[in-house]
Amino acid sequence: MKFNARPHRFCIAPMMDWTDRHCRFLHRLLTRRALIYTEMITTGAVLHGDRARLLAFDPFEHPVAVQLGGSDPAALAASARICADLGYGEINLNVGCPSDRVQEGRFGACLMADPALVGAGVAAMKAAVRIPVTVKCRIGIDDQDPEESLDAFTRTVVAAGADALIVHARKAWLDGLSPRENRDIPPLDYNRVHRLKRANPALEIALNGGIASLRDAAAQLDHVDGVMMGRAAYQDPWRLLAVDPELFGEPAPFASAREAALALVPYIEREIARGTRLHAITRHAVGLFHAVPGARLFRRHLATLGVKPGAGAQVLLDALALVREDGAVATAAA
């Protein structure tokens, strides 16, 4: 699928155990223009795992990108080719995840110490596919100087043919901090990403990290080409209804979160007929309502009844009946 110019204007971050295909379907109901990502999928899983399960997506999800984890150029190229043939619109290489498991597999943020290997992987993928190949990274790792290391890293991946760079605006400390701590420590440095963009005006650069509202996102668009929202988009999906009108000047897909939830019912019925458990879908929707009467009852109903064997779409409909009023599309302050 061909992406529009500046496809990364607003993206929803790839998040392990969160942005599965059911989550992405819900997010696409809420915004037609956001670029959405799969969870990170390793090259080993792509090449040797259950592709039908790991790489499945609904055509409705477009534009949708796949994020790969790996460091071997040949494996990355083969995986990228498989994903492109399946219809994904972008291949994104994870050079930002700080978890121990990822480091042991020699991918994620630890690769920032080896820009040449990342460049080789990008070049191999570019030679294998015709769709965009992008990189998601940090501003640096451990004792690296972000001024020098990020510039050098960027030069290498651009020379290899990377189409865009998504930068999480904080260092990753691989020695001494847990993955959870790496979400908040050390402090964000948006100015470093802004300087990177000024130094690379031709390269599409999106900023990630700490974007908690559409107002935050809009403010960053004065400095970079795009923004990526993570936990705020997942935990409070109601925010996404304002993306199209506020950031793209287009109507929201639905006038309210209730309408979007009702549009999820046919998908639920179809998935349950295929053997999917209701909770696998509705766990992504518990934050769909905010500051309206009945929102807490809605969450509790889905959390308690959605997990029961045999639960169906009626559970969602009953939960919606507990929400006594539904606000219109949120504004950029959301």
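## Reading helix packing, burial and backbone oddities

Author: Let's start with a pair of helices: the axes of helix H1 (residues 21-30) and helix H12 (residues 257-273) come within 9 Å and cross at roughly 150°. Please keep in mind that this is a predicted model.

Reader: Happy to. How should I read the packing of two helices?

Author: The general idea is that two packed helices are described by the angle between their axes and the distance between the axes. Here, angles over 145 degrees count as roughly antiparallel, and H1 and H12 are therefore roughly antiparallel to each other. As for handedness, H1 passes H12 in a right-handed crossing.

Reader: Which residues of H1 and H12 make the contact?

Author: From H1 come Arg21, His22, Phe25, Leu26, Leu29 and Leu30, while H12 contributes Ala260, Ala263, Leu264, Tyr267, Arg270 and Glu271. By type, the contact of H1 with H12 has 8 nonpolar, 1 polar and 3 charged residues.

Reader: Is there a general idea behind the spacing of residues on a helix?

Author: There is: an α-helix has 3.6 residues a turn, so residues three or four places apart point the same way. Try helix H8 (residues 190-199) with that in mind. Its buried residues are Arg192, Val193, His194, Leu196 and Lys197.

Reader: What do the buried residues of H8 pack against?

Author: They pack against two helices and two strands: helix H7 (146-159) and helix H9 (214-220), along with strand S6 (164-168) and strand S7 (204-208).

Reader: S6 caught my eye. Is histidine 168 buried or exposed?

Author: Buried means under 20% relative accessible area, so histidine 168, at 11%, counts as buried. Histidine 168 lies in strand S6. Leaving out residues up to four places away in sequence, histidine 168 touches Lys136, Cys137, Arg138, Ile139, Leu188, Asn208 and Gly209.

Reader: And what is the relative accessible area of leucine 302?

Author: Leucine 302 has 1% and is buried. You will find leucine 302 in helix H14 (residues 295-305). With residues up to four places away in sequence again not counted, leucine 302 touches Thr282, Ala285, Val286, Val307, Val315, Leu316 and Ala319. The C-alpha atoms of leucine 302 and leucine 30 are separated by 19 Å, and these two residues are 272 apart along the chain.

Reader: Now the backbone, please. What should I look for?

Author: Most residues other than glycine have a negative phi, and most peptide bonds are trans. Aspartate 17 has a positive phi of about 70° although it is not a glycine. Aspartate 142 also has a positive phi, of about 45°.

Reader: Where are aspartate 17 and aspartate 142?

Author: Aspartate 17 is in the loop between strand S1 (10-12) and H1, and aspartate 142 is in the loop between strand S5 (133-138) and H7. Aspartate 17 is exposed, with a relative accessible area of 53%, whereas aspartate 142 counts as buried at 19%.

Reader: Which peptide bond is cis?

Author: Look at the bond from histidine 62 to proline 63, which is cis with omega near 0°. Proline 63 sits in the loop between helix H3 (51-54) and strand S3 (64-69).

Reader: Finally, how do I read the overall fold?

Author: Begin with the secondary structure, which comes to 15 helices and 8 strands. The radius of gyration is 20 Å, close to the 20 Å that the globule rule gives for 334 residues, so the protein is as compact as a globular protein of that length. Buried residues make up 55% of the 334 residues. Of the contacts with a separation of 6 or more, 73% come from residues 24 or more positions apart.

Definitions and conventions: Residues are numbered from 1 along each chain as its sequence is written. This is a predicted model: local features need pLDDT of at least 70, side-chain atom pairs count only at pLDDT 80 or more; totals for chains, interfaces and linings use all residues. Side-chain values use heavy atoms; hydrogens and water are left out. Buried means under 20% relative accessible area, exposed over 50%, partly exposed in between (1.4 Å probe, protein chains only). Helices (H or I, at least four residues) and strands (E, at least two) are DSSP runs, numbered from the N terminus. Contact means heavy atoms within 4.5 Å. Axes are lines fitted to C-alpha atoms, for helices over the stretch in contact, and angles run from 0 to 180 degrees between N-to-C directions. Angles under 35 degrees count as roughly parallel, over 145 as roughly antiparallel, 65 to 115 as roughly perpendicular and the rest as oblique. A crossing is left-handed if the near helix is turned anticlockwise from the far one by less than a right angle, and right-handed if clockwise. Ala, Val, Leu, Ile, Met, Phe, Trp, Tyr, Cys and Pro count as nonpolar, Asp, Glu, Lys and Arg as charged, and the others, Gly among them, as polar. The radius of gyration is taken over C-alpha atoms; the globule rule is 2.2 Å times the number of residues to the power 0.38.
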